[in-house]
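This briefing introduces one part of a protein model to a reader who has not met it before. Please keep the structure in view while reading the points below.

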Amino acid sequence: MRVIVVGAGQVGSNIAASLDHDHHVVVVDTDPSRIEAITYSHDVLTVQGDGTAIETLEEAGIENADLVIASTDVDETNIVICGAAKAVGDPFTIARVKQTGLLRTWERSEGAFGVDFMVGTNLQTAQSIVRIAGLPGAHDVETFSDGLVRMAEFEVMANSPIAGETVSDAARYESLTFAALLRDDDVIVPAGETVIKTGDAVVVIGSVESVRAFADFVTPPPSLEDVREIVIVGGGEIAAQTARLFEAEGIDTRLIERDPARARELAENLPRTMVLQSDATDIDFLVREHVDESDLVVATLDSDEKNLLVSLLAKRVGVERTIGVVDAGEYVDLFETVGLDVGVNPRLVTAEEITRFTRARRTENVAMLESDRAEVLEIEVDRDSVLFETPIEEAMADLPDGIVIGAITRDGKLITPRGETVVEDDDHVVVFVDTRVVDEATAAL
């Protein structure tokens, strides 16, 4: 496809990186420094200019474009870009928006604003937070095959019960596959005798029940079903959406917002959430309100540094687990090192969601791990697949290294893959793939 990406920030750059191997990508941005940076880092064409201007889109080749992705930081700009693209061509258009209200308006009128698909950054971030909250210790969580299969990534700490064990010893749970170990810069496809080391990130794929059981074993804090209370710090849109999702789960939630007017508005719109008007960076307030008794603190303030501070203060008063929004993707690893349990980057979450719609049609779902070092794909098998009516151990000989078949679903039932398992037509297969072999793997599968 010919793909035009408007906006060369973190979202646009991540999308371009995921597409430049398979498609003809043109990136448009008004900032010359961003244009220069992406020119050197990715195999894409670039155009410096205003993506809302017809002349700029024409320079980018809009007349031949199959897909236009509007990923600037301004919602209205992204909508105008899609409308302009439709005015002079017939591409499929994707718009990134932060305001959930715009997303809801678009959902009520198919094709509104000239947008074929709209991604709500704040809602996607809130959903990611709730998925991670549901598994103690998880750094990344995704579901596949209509909820039958779950993938999760866990960091192995020094006190983890699986640190120093072999994969065969750690594989205590039915319907669970150890897909990979992410160690330093290496992606390791584990064998039974592979030793799990402190600092590794373990990627597992399996049934919802088995992944939850593994999570409970690796990190004892309660899962979403067991939590008594969650505290959300901040009153922005991400906080509001997160609170709504926790309300839907029936979880007691407290939300702390400093601004009196916004706190009042949230209290009116969130009937099952207790809204407290105060400064969450005041440790005396945290102690007075017994925040230490909560199972989880979610920091969603308007600054990465404030979210880190709130997380550290929560830890200091005795909170076991914290999740924080980290807007600068390059800070996520640093913040997790110094005290934040899990950092969620809205831009990366958005880029991943958009990437789902730019894969080949046979890829039903995709999740990116560790800044796109690896991917987990859901693929519907047909007669052209190397897996079709072939035992997995035989089919693997025709696939590149760096691939693990994590789960199979057939007629609404989960099948745990083994070497002798034969994959049938229309089966859905969830596959872990090292990013370096994604193109080859997708073509073969």
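**Strand S13 and its sheet**

In this predicted model, strand S13, residues 252-257, is mostly covered, with five of its six residues buried. S13 pairs with S12 and with S14, and the points below follow these pairings before turning to the sheet as a whole.

**Pairing of S12 with S13**
- Strand S12 (residues 229-233) runs parallel to S13, and five bridges link the two.
- Across this pairing, Glu-229 stands opposite Asp-252 of S13.
- Between S12 and S13 the chain passes through helix H9 (residues 237-248), forming a right-handed β-α-β crossover.

**Pairing of S13 with S14**
- Strand S14 (residues 273-277) is also joined to S13 by five bridges, in the parallel sense.
- Here Ile-256 stands opposite Leu-276 in S14.
- The chain travels from S13 to S14 by way of helix H10 (residues 260-269), and this β-α-β crossover is right-handed.

**The sheet as a whole**
- Six strands make up an open sheet with parallel pairing, in the order S14-S13-S12-S15-S16-S17.
- S14 and strand S17 (342-344) are the edge strands, each pairing on one side only.
- From one strand to the next, the twist averages 20°.

**Further along the sheet, and a packed helix**
- Strands S15 (residues 296-299) and S16 (residues 322-325) run parallel and are joined by three bridges.
- Ala-299 has Gly-324 in S16 as its bridge partner.
- Helix H10 packs on the sheet, where H10 touches S13 and S14; the direction of H10 makes about 170° with that of S14.

Terms used. Residues are numbered from 1 along each chain as its sequence is written. This is a predicted model: local features need pLDDT of at least 70, side-chain atom pairs count only at pLDDT 80 or more; totals for chains, interfaces and linings use all residues. Side-chain values use heavy atoms; hydrogens and water are left out. Buried means under 20% relative accessible area, exposed over 50%, partly exposed in between (1.4 Å probe, protein chains only). Helices (H or I, at least four residues) and strands (E, at least two) are DSSP runs, numbered from the N terminus. Two strands pair if DSSP finds at least two bridges between them. A crossover is right-handed if, with the strands pointing away from the viewer, the path from the first strand over the helix to the second runs clockwise. Axes are lines fitted to C-alpha atoms, for helices over the stretch in contact, and angles run from 0 to 180 degrees between N-to-C directions. Contact means heavy atoms within 4.5 Å.
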